[in-house]
Amino acid sequence: MEEQQPAKQNCIDISKERPIAFGNFTDQEKWDFFFDARGVDDFFECYADWPQLRALLRSHLSYPPEEQSILVPACGNSRLSEHLYDDGFTNITNVDFSKVVISAMLRRNVEQRPAMKWRVMDMTDMQFENGTVDAIVDKGGLDALMESELDSRSGILYLSEVKRLLKAGGKYICLTLAEPHVLGLLFRKFRFGWNVNLCAIAQKPSSGTAKQFTFMLVAEKCILTVVSQIIPYMDEYSVESHGYQVQEVFEALERENTVRAVYSTGTDIWYSLDHLKLVVKGDINELEPGRLVKLFLGEPGVSRFFCTGVLFDAQLDLEPFSCGLRVIFFRKSQSYQKNLANELLQWLQCGTSEAARLLMIVLDSSHSNVTWVEILSDISYFVYQLAPVGTGDVIHIAATSEDDLVDEINERKIVHQVTTALTGTIYVEDVMYDPPEDLIFRRLCFERTESWVHSEVPLSREGPNEFFGQVEDKKVPADFTNWKKGNTQKFDSHSSGSDSESSSGQPNFEHNFLATVHHQGFIAGLLLFSLHSERTTSAGGLVKTVIIGLGSGTLPTFMRNCLHNLVIEVVDLDPVVLNVASEYFGFIEDELLKVHITDATKFLRERANSEEEGNDSFKVDVLILDVDSSDSSSGLISPEADFVEESFLLTVKDSLSDRGLFIFKLVTKFSSVRGAVYSTLKRVFSNLYHFYVDRDFIEIIFALKKESSRMSENELAEVCDELSRSLKHIKTTWARGVKVDSRLIKPLP
């Protein structure tokens, strides 16, 4: 008789320790009821007891202990903070959204531990300043937020807060049951710029606990440009005591380290200031005309933040110089990356700065809501070490961002601003480009994303032929010799009179024009591959189209108006985005254009499973991903890192019809990240194409579901000819742009 294998145990059963009717561990009222009924003194430690944690925590927390700022989110009535305090770590702030437990724990500790702080606060939206915490000790908080495997929204928001709050060199110490969906999120969110290690805690159950299978993941905030392997620390006893759970974690760890190895194979070379001094020939303070060096600035214990930058030494023929060093800032990685993609613009900036040395620094999401005074104070230590000798003592640090220069913006006006928990701060702004100076574009901007501007649409003017001619000129590369810095004065977006306003006082929009270049690229590929596949649709003669990411609604509105064989569904997570699109960009739903406020992965899984339920009509013919990254540690500017994970791409493929097409834009400043995305795509799709737009820094990717040989460049050229013939009677700017872009599409290498 074959020996029976023991049943797998993946995590502890703590249902008896938590409210029976929870179903959702993020419900504040239920936690209040639970703590009120149980009482603060009837505590429980459902992950690990202090004796098992003490040595590990002390090894990761810096000294002297009283100077370390420690945050404990979702503290509940755990005694962890009390033990840390009694061990010398007295600068502790405890956070929980249950007013009942915070009040009770404050009363319990106010006399014995007077320096310990207690705050009623949502851990996904904590009201503390950026870069002010040395360590965050999380005992099951993330697990509670991730209780549902299908919805990781709260977990993503919380980890964004963790990364925002930690100082340079700060540590996130997470005690977790390491369930696959939790571990997957942790691995993805702590790649670029984090040293990560993982250990299993050998647990001997106490009288108040069940046998616990607990892991400690420690992520240390470090160099922004490095992807490190995750180091496991597990002894023989740990493996034996955790059994199958450790085995599963090891398998997940092996997969993640394989991904990280791919991310680390790029040719990009970034230097720290100390490293730069070692490898440079001669003295870094000596000018070397024409030198370009990528570097990162920041140091634990010295600065609150890390940031990346590029150093230029001017050519000698640009003399005389008005200052030895000029420092300029970019608020968004997209502007910075666009700048790097154009060598002429780099040296133009170096020349017009009238500086012997130019240092361009790019800020990221960790600098949101940080004042210029704080930024300059944080960076000054490193800046002064880069001042060149022999060019005078003048250092000019521009306390403004140069994003407008790259985007050719002359003037801007904020029309609307709103902040939501899901999306962060959203801006609606009217801008004038330079040139021409008399056209106004309305733009939608997300502060959290690395690209800043999601989309834009021109405001209507009289004389459509003249208007479209001018708009077309706006997208032609400007004469660099005539560029000037954007004005800071504001203007009235409706000052041109009634010709740009409706009777209700709201502006009219030119929704039949594509002002965003990657949107035009999307349309070019959609039409090209639809023509090639001679698509059979799944929606009664209409092409079933899904767009992930509503933004301003300009893309789906254009498609609704100009491509009449589509039925369009848009998926967005935040209802506020829909309100903004409707109120400030004229977005309107109808029978052929619908919006779903839901999670994109959940939506696509439902479409993928529709065939199993006998309803293939729900399959998607065209899927467009139009979502930018909100996480600088992913190495991506666009899209969100989760959307290029293999698991998501497999869901995408399953949701597509037999001749389905998947489209998205890829933007990154790291060649290794691009290579990693390519590798993942090729494991899922065999029929891949791409091309570049906007000075070759935005890449548009096209993936066909059909498993067939890829078209050759000659075959692509023939389809382009056919597309041009089909569009010859459409005399619009977008049609001309589509014909040009379609000829740039090539097989992905």
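Colleague: Let's start with H690: is it buried or exposed?
Modeller: Keep in mind that this model is predicted. H690 has a relative accessibility of 10%, and the cut-off for buried is under 20%. So H690 counts as buried.

Colleague: Which side chain does the side chain of H690 make a polar contact with?
Modeller: First, find H690 in strand β24, which covers residues 687-693. Leaving out residues up to four places away in sequence, H690 touches Y678, E699, I700 and P747, among others. The polar contact, at 2.7 Å, is with the side chain of E699.

Colleague: Okay, on to the nonpolar cores. Which helix gives the largest share of the largest one?
Modeller: That core has 61 residues, and I523, F529 and I663 are among those with the most contacts inside it. Setting aside neighbours within four places in sequence, I663 is in contact with residues including F522, L526 and F702. The largest share of the core is seven residues, from residues 517-533, and that's helix α16.

Colleague: Now the open sheet with the order β14-β15-β16-β17: which are its edge strands?
Modeller: This sheet has four strands with antiparallel pairing. Look for the strands that each pair on one side only. Those are β14 (409-420) and β17 (453-458).

Colleague: And which residue in β16 is the bridge partner of V428?
Modeller: Strand β15 spans residues 424-433 and pairs with β16, residues 440-446, in the antiparallel sense over seven bridges. Go to β16 for the partner of V428, and you land on L444.

Technical notes. Residues numbered from 1 in each chain as written. Predicted model: local features only at pLDDT ≥ 70, side-chain atom pairs only at ≥ 80, totals over all residues. Heavy atoms only, no water. Core = buried A, V, L, I, M, F, W, Y, C linked by side-chain atoms within 4.5 Å. Buried < 20%, exposed > 50% of the residue type's maximum accessible area, 1.4 Å probe, protein only. Helix = DSSP H or I, 4+ residues; strand = E, 2+ residues; numbered from the N terminus. Contact = heavy atoms within 4.5 Å. Pairing = 2+ DSSP bridges. Polar contact = N/O pair within 3.5 Å; in protein donor to acceptor, adjacent residues only side chain to side chain.
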